[in-house]
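Work through the exercises below with the sequence and the model at hand. Each task is followed by a solution in steps.

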Amino acid sequence: MVVRERKTETRLAVELCGIPLRTPLIPASGTLTKEALGEVEGVYGAMLPKTTTPAPRAGNPPPRVAETYAGMVNSIGLQNPGVERFLEGLDAFDIGLPLFVSAAGDTLEEFGALCERLGADERISAIELNLSCPNVECGGLTFCAGPASVEEVVAVCRRATGKPIFAKLTFEGVVENARAAESAGADALTIMNTIPALTIDAHRREALVRGGLSGPAIKPVALRAVYDVCGAVEVPVIGSGGVTSGIDVAEFMLAGATAVQIGTASFVRDPKEILSELASYLDKVGLDTADLMGALSS
Ligand SMILES: Cc1cc2nc3c(=O)[nH]c(=O)nc-3n(C[C@H](O)[C@H](O)[C@H](O)COP(=O)(O)O)c2cc1C
């Protein structure tokens, strides 16, 4: 057996759309606050704040979050201060890493204008299009409703900016939607967002949170979606959905992901531990992250 002498940093590094990342980990949009930034030094390869929209949004009324077995349901509803205030505060997320920004609009025009605005900002390395939030009514339009709408919105954004565009999709129709996003010019795909879900309080006979399920409960679904999409497109795939340990990260990379997002897990675990578990796994198997991508033996 060849013993590898490479440093841990080199072993963890990946490249995403020509952007070098020190580690394959990226915070999932909406799950890392400015306040927690001090605790994640050295963990992530890129930053990714909560989705921004053209105008401020108050989000959905409470209750917005409920715990479930092996996960949580949220219905935050893209609460955010709007793109102008978002950009004013963006320096807080500049911790010397590539900065990705998540964007959503209600109409094609809004998506296009937002991408033009974000694309003109030199601090931003790439734009992730949130085409799949399950708890937002997009002015009658659902951008992930099918390949035709995915293709249309990605094409508008593609014309609006030369920056790398990632299309974030949900699991419904994911392969067809992934192909549509790729053919419209997406540089990468984020697979996947939360899954539509509902919690009910039986004692009070009340519906509680109608939103998106995240956390370990959705991991096998996300893994399948990543695996199927990686077999169907050429562009890189960023895995998201239930990643909770370093071994989970390795599994997503084996399924073909180039980078992996950590969301709900960061509410219950220190992401540093997830990274160190990944490093230990790589040491044990004698591989680099680059060797892992799609390297399933069957
Ligand atoms: C509290 C919360 C807020 C979220 N906000 C956003 C958001 O603003 N934009 C977005 O694209 N995804 C958002 N998501 C979805 C996550 O980015 C991620 O895709 C999803 O939770 C699945 O990953 P996980 O199981 O690791 O959390 C949010 C998820 C949670 C739990």
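Two strands count as paired if DSSP finds at least two bridges between them. The model used in these exercises is predicted.

**Exercise 1. The parallel sheet**

Task: Determine how many bridges join strand 12 to strand 13, and in which sense the two strands run.

Solution. Strand 13 covers residues 259–262, and 2 bridges join strand 12 to strand 13. At least two bridges are required for a pair. The two strands run parallel. Across this pair, Ile-238 stands opposite Ala-259 in strand 13.

Next, place the pair in its sheet. The sheet is open and has 7 strands in the order 3-13-12-9-8-7-6, with parallel pairing. Strand 3 (25–27) and strand 6 (99–103) are the edges; each has a single partner strand, so one side of each is left without a neighbour in the sheet. From one strand to the next, the twist averages 30°.

**Exercise 2. The antiparallel sheet**

Task: Give the strand order of the open sheet of 4 strands and identify its edge strands.

Solution. The order is 4-5-11-10, and the pairing is antiparallel. Strand 4 (65–68) and strand 10 (195–201) are the edge strands, since each pairs on one side only. The twist in this sheet averages 40° from one strand to the next.

Now take one pair in detail. Strand 5 (residues 71–74) is joined to strand 4 in the antiparallel sense over 4 bridges. Within this pair, Ala-66 is opposite Val-73 in strand 5.

**Exercise 3. Helix 6 and its cover**

Task: Check the length of helix 6 against its expected span, then find what covers its buried residues.

Solution. Helix 6 has 12 residues (219–230), which at 1.5 Å a residue should span 16 Å; the end C-alpha atoms are 16 Å apart, so the two values agree.

For burial, the cut-off is 20 or more other C-beta atoms within 10 Å of a residue's own. The buried residues of helix 6 are Lys-219, Ala-222, Leu-223, Ala-225, Val-226, Tyr-227, Val-229 and Cys-230. Their cover includes helix 5 (174–183), strand 9 (188–191), strand 12 (237–239) and helix 7 (246–254). Of these, helix 5 also lies across strand 8 (165–169) and strand 9, at about 165° to strand 8.

**Exercise 4. The ligand shell**

Task: State how many residues surround the ligand, and sort the shell by class.

Solution. The ligand is surrounded by 26 residues, and the closest are Ala-28, Gly-30, Ser-214, Gly-263 and Thr-264. Sorted by class, the shell has 8 nonpolar, 16 polar and 2 charged residues.

Conventions:
Residues are numbered from 1 along each chain as its sequence is written. This is a predicted model: local features need pLDDT of at least 70, side-chain atom pairs count only at pLDDT 80 or more; totals for chains, interfaces and linings use all residues. A residue is near a molecule or strand if its C-beta atom, placed from the backbone, lies within 6 Å of it. Ala, Val, Leu, Ile, Met, Phe, Trp, Tyr, Cys and Pro count as nonpolar, Asp, Glu, Lys and Arg as charged, and the others, Gly among them, as polar. The expected span of a helix is 1.5 Å times one less than its number of residues. A residue is buried if 20 or more other C-beta atoms lie within 10 Å of its own, exposed if 12 or fewer, and partly exposed in between; C-beta atoms are placed from the backbone. Two residues are in contact if their C-beta atoms, placed from the backbone, lie within 7 Å. Axes are lines fitted to C-alpha atoms, for helices over the stretch in contact, and angles run from 0 to 180 degrees between N-to-C directions.
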